[in-house]
Amino acid sequence: MSCESLLFSVPRWREILSAKSPDGQNRMGKLIQRFPDAAKCVMDRCIQRSLNKRSIAYDFRLLDPGPDDQSGPNEEPFFGLMVMVSYKQKDLLVHDLCRKLLKIKWRSYGWFVYWTNLAIFSLYLFLMTFFMLDKRRKVVLKRRHDKVDDDDMFEQKEAFQKIVPYLILVFALLHLAKELYQICLQRAAYFKEWTNILEWVLYVSTIIFILPYASSGLSSLRGDPRVTWQIGAVAVFLGYCNLILFAQTLDHVGIYVTMFFQVAMTVLKTISLFMLFAVAFSVVFYILFREQVKHCFVCRTSKV
């Protein structure tokens, strides 16, 4: 008898899977980790289709017990989809029960959180782009000791131009505070995502670039203006990269963003392999034709 048949032969199988195991872990979570095929059968049983009423009933209690549940890691509420993501159970993530649960979460509060974060980040990126384009027309990127008059960095400006550096600084600090909060929640798992490192570089470089403009007392941080503006350029570039990552969540655009990153990774792997061939041929040509290069040089000098 298979494990699915043995499980569903028990009349109260829902209560068994809902109860916490002796070690404190969620039983449905264990099923997702170790027996994904059995977890798929359980999720199939959680969808009841009525042909007479032409309706479908979904039972999400096994995947999302609710806020009062403490069977998740660190006695937090259990959420089955997070376990699927952690253990890369892609077949379970595309199940109809998971899709419906995500749609309900999105309609309840997900869309508000997403569009709020997108609007705040877009405003920050717009201000940063506007500020750098406006300043770039007035700044000459030369070394500090070339005696370039860069007092135009603090020339008389309009009220909006005066407040822009402070707004950019506030947005960057708020985003850094959000990242620190995520570190407190996720701890070591936070540093496994490369997008989190990207955001840290983005906001720290923004703060380094904008601080001299926000306060004249910090003008000593300018140093070499070429270096300062290179840091600002990195911040703007990473800002637009992060905006593309935001678009990955959207239905109509997200698939193309995912395809782009997959193709980019494939190209990088191909280039790394090509570089090995380039190094191999370069070394071999140097070994075999070193004297010929020297001979050609001697011939040219003799003709002269």
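## A salt bridge in helix 4

Lys40 has a relative accessible area of 38%, which makes it partly exposed. The model is predicted. What does Lys40 pair with? Lys40 forms a salt bridge with Asp44. The closest N and O atoms of this pair are 3.6 Å apart. That falls inside the 4 Å cut-off for a salt bridge.

Both residues sit in helix 4, which covers residues 36–45. They are 4 residues apart there, so about one helical turn separates Lys40 from Asp44. Asp44 is partly exposed too, at 36% relative accessibility. Both values lie between the 20% limit for buried and the 50% limit for exposed.

## Two more salt bridges

The count of salt bridges comes to 5. One of them joins the side chains of Arg61 and Asp59, at 2.8 Å from N to O. How exposed is each partner? Arg61 has a relative accessible area of 56% and is exposed. Asp59 is buried, at 14% relative accessibility. The bridge thus links an exposed arginine to a buried aspartate.

Arg137 and Asp134 also meet through their side chains, with 2.8 Å between N and O. Arg137 is exposed, with a relative accessible area of 63%. Asp134 is buried, because its relative accessible area is 12%, under the 20% limit.

## The chain as a whole

The chain has 304 residues, and 31% of them count as buried. Its secondary structure comes to 11 helices and 2 strands. How are these elements ordered? Read from the N terminus, they run α-α-α-α-β-β-α-α-α-α-α-α-α.

Contacts across the sequence can be put in numbers. Take the contacts in the chain with a separation of 6 or more. Of these, 63% are between residues 24 or more positions apart.

One pair shows such a separation by its C-alpha positions. Asp91 and Pro36 are 55 residues apart in sequence, yet their C-alpha atoms are 8.5 Å apart in space. Asp91 belongs to helix 6, residues 90–93. Asp91 is exposed, at 64% relative accessible area.

## Helix 9 against helix 10

Two packed helices are described by the angle between their axes and the distance between the axes. Helix 10 covers residues 225–247 and packs against helix 9 at an angle of about 140 degrees. The two axes are 8 Å apart. Helix 9 is therefore oblique to helix 10. The reason is the limit: an angle has to be over 145 degrees to count as roughly antiparallel. The crossing of helix 9 over helix 10 is left-handed.

Which residues make the contact? Helix 9 contributes, among them, Trp194, Leu198, Val201, Leu202, Ile208 and Phe209. It also uses polar side chains, including Thr195, Glu199, Ser205 and Thr206. On the helix 10 side, the residues include Trp229, Ile231, Ala235, Leu238 and Leu245. Gly232, Gly239 and Asn242 of helix 10 take part as well.

## Helix 7 against helix 9

Helix 9 also meets helix 7, which spans residues 96–136. Their axes come within 13 Å and cross at roughly 45 degrees. Helix 7 and helix 9 are therefore oblique to each other. Helix 7 passes helix 9 in a left-handed crossing. From helix 7, the contact uses Phe121, Tyr124, Met128, Phe131, Met132 and Lys135. From helix 9, it uses Leu202, Tyr203, Thr206, Phe209, Ile210 and Tyr213.

Some helix 9 residues serve both contacts. Leu202, Tyr203, Thr206, Phe209 and Tyr213 meet helix 10, and these residues also meet helix 7.

## Asn196 in helix 9

Helix 9 runs over residues 194–214 and holds Asn196. Is Asn196 buried or exposed? Asn196 is buried, because its relative accessible area is 7%, under the 20% limit.

What does Asn196 touch, leaving aside its neighbours within four places in sequence? Its contacts are Glu179, Gln182, Gln186 and Tyr190.

## Cysteines

How many disulfides does the structure hold? The count is 0. Cys41 is partly exposed, at 26% relative accessible area. Cys241 counts as partly exposed as well, at 23% relative accessibility. Both values are above the 20% limit for buried.

Conventions: Residues numbered from 1 in each chain as written. Predicted model: local features only at pLDDT ≥ 70, side-chain atom pairs only at ≥ 80, totals over all residues. Heavy atoms only, no water. Buried < 20%, exposed > 50% of the residue type's maximum accessible area, 1.4 Å probe, protein only. Contact = heavy atoms within 4.5 Å. Disulfide = S-S within 2.5 Å. Axes fitted to C-alpha atoms, helices over the stretch in contact; angles between N-to-C directions. Parallel < 35°, antiparallel > 145°, perpendicular 65-115°, else oblique. Left-handed = near helix turned anticlockwise from the far one by under 90°.
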